[in-house]
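The following exercises ask the reader to work from a sequence and its three-dimensional model. Each task is followed by a solution in steps.

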Amino acid sequence: MGQHPFEPIDIRFEVLIGLLLVVNTLSFGVGFAGPWGDVDFTRGVLGLIGLTLLYRAWYARTFGFHGLIPALHLWSKPHRSTSRILLASIATLMLSWLIGNSMLQSLFAEPTSLILTVSGMLMMLMAIYARLVFVSGLSDEEE
């Protein structure tokens with residue numbers, strides 16, 4: 001690890017690879033059977049890795065360093081951010097429902113809707129928690 005953790009990070013590689021892996025999860029994607037003998041499962045695992053890379057790139061761009069958990073003290077505009085996260089979680093849940101209950105279901109792997117639902121619920125939980133901390137005074141002022 002030669003880079004200082006707070007220096008600007010070039011995220012183009014992570015975004016490119018992440019997008020390629022996520023697009024590869026569609027029904028026309030390519031894959032290999034792997035040790036479990038299922039091409040769709042392999043494409044799904046690679047898609048999750050792609051989502052992780054995209055999340056890491058977003059985090060690095062937003063906060064200026066690599067990490068996984070967006071600590072509340074790092075937020076610059078918390079009131080606006082909580083609203084955006086809440087709207088994004090609702091949009092993710094709606095997309096999950098659309099993928100799981102429409103003609104789009106044939107284009108995606110079977111667990112896509114489940115993964116989107118879990119992601120949307122986690123985003124909603126984060127938005128509600130942040131709103132409670134910043135708006136209702138749930139935060140501990142001594143820390």
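A pocket is defined on a 1 Å grid over the protein atoms alone: it is an open set of points with protein on both sides within 12 Å along at least five of seven lines, and its lining residues have an atom within 4 Å of a point. Grid points are joined across faces, edges and corners, and a volume is the space filled by probe spheres set on the points. The model is predicted, so local features need pLDDT of at least 70 and side-chain atom pairs count only at pLDDT 80 or more, while totals for chains, interfaces and linings use all residues. Residues are numbered from 1 along each chain as its sequence is written, and side-chain values use heavy atoms, with hydrogens and water left out.

**Exercise 1. Describe the second largest pocket and its lining.**

Step 1. The second largest pocket has a volume of about 480 Å³.

Step 2. Its lining consists of 21 residues, and those closest to the centre are Thr25, Gly47, Leu51, Thr112 and Ile115.

Step 3. Two or more lining residues come from each of α1, α2, α3 and α4. Helices are DSSP runs of H or I with at least four residues, strands are runs of E with at least two, and both are numbered from the N terminus. The most, 8 residues, come from α2.

Step 4. Sorted by class, this lining has 15 nonpolar, 4 polar and 2 charged residues. Here Ala, Val, Leu, Ile, Met, Phe, Trp, Tyr, Cys and Pro count as nonpolar, Asp, Glu, Lys and Arg as charged, and the others, Gly among them, as polar.

**Exercise 2. Locate Thr25, decide whether it is buried or exposed, and list its contacts.**

Step 1. Thr25 lies in the loop between α1 (12-23) and α2 (39-63).

Step 2. Buried means under 20% relative accessible area, exposed means over 50%, and partly exposed is in between (1.4 Å probe, protein chains only). Thr25 has a relative accessible area of 18% and is therefore buried.

Step 3. Contact means heavy atoms within 4.5 Å. Leaving aside residues up to four places away in sequence, Thr25 touches Arg43, Gly47 and Ala109.

**Exercise 3. Describe the largest pocket in the same manner.**

Step 1. The volume of the largest pocket is about 1100 Å³.

Step 2. There are 27 lining residues, and Tyr55, Trp58, Pro70, Ile85 and Met123 lie nearest the centre.

Step 3. At least two lining residues are supplied by each of α2, α3 (78-100) and α4 (112-134). The largest share, 8 residues, is that of α2.

Step 4. By class, the lining of the largest pocket comprises 19 nonpolar, 5 polar and 3 charged residues.

**Exercise 4. Compare the span of α3 and of α4 with the expected value, and state which residues of each are buried.**

Step 1. The expected span of a helix is 1.5 Å times one less than its number of residues.

Step 2. The 23 residues of α3 should span 33 Å, and because its end C-alpha atoms are 32 Å apart, the two values agree.

Step 3. The 23 residues of α4 should likewise span 33 Å, and its end C-alpha atoms are 33 Å apart, which agrees.

Step 4. In α3 the buried residues are Pro78, Thr82, Ser89, Thr92, Ser96, Ile99 and Gly100, and they pack against α4.

Step 5. In α4, Thr112, Ser113, Leu116, Gly120, Ala127, Ala130 and Val133 are buried, and what covers them includes α3.

**Exercise 5. Identify the residues of the largest nonpolar core and the elements that contribute to it.**

Step 1. A nonpolar core is a set of buried Ala, Val, Leu, Ile, Met, Phe, Trp, Tyr and Cys residues joined through side-chain atoms within 4.5 Å.

Step 2. The largest such core has 7 residues: Tyr59, Phe63, Phe65, Leu72, Trp75, Ala130 and Val133.

Step 3. The elements giving two or more residues to this core are α2 and α4.

**Exercise 6. Place Val15 in the model and classify its accessibility.**

Step 1. Val15 belongs to helix α1.

Step 2. Its relative accessibility is 27%, so Val15 counts as partly exposed.

Step 3. Apart from residues up to four places away in sequence, Val15 touches Leu54 and Ala57.

Step 4. Val15 and Trp58 are 43 residues apart in sequence, and their C-alpha atoms are 8.7 Å apart in space.

Note on methods. On a 1 Å grid over the protein atoms alone, a cavity is a set of points where a 1.4 Å probe fits but cannot get out, and a pocket is an open set with protein on both sides within 12 Å along at least five of seven lines; lining residues have an atom within 4 Å of a point.
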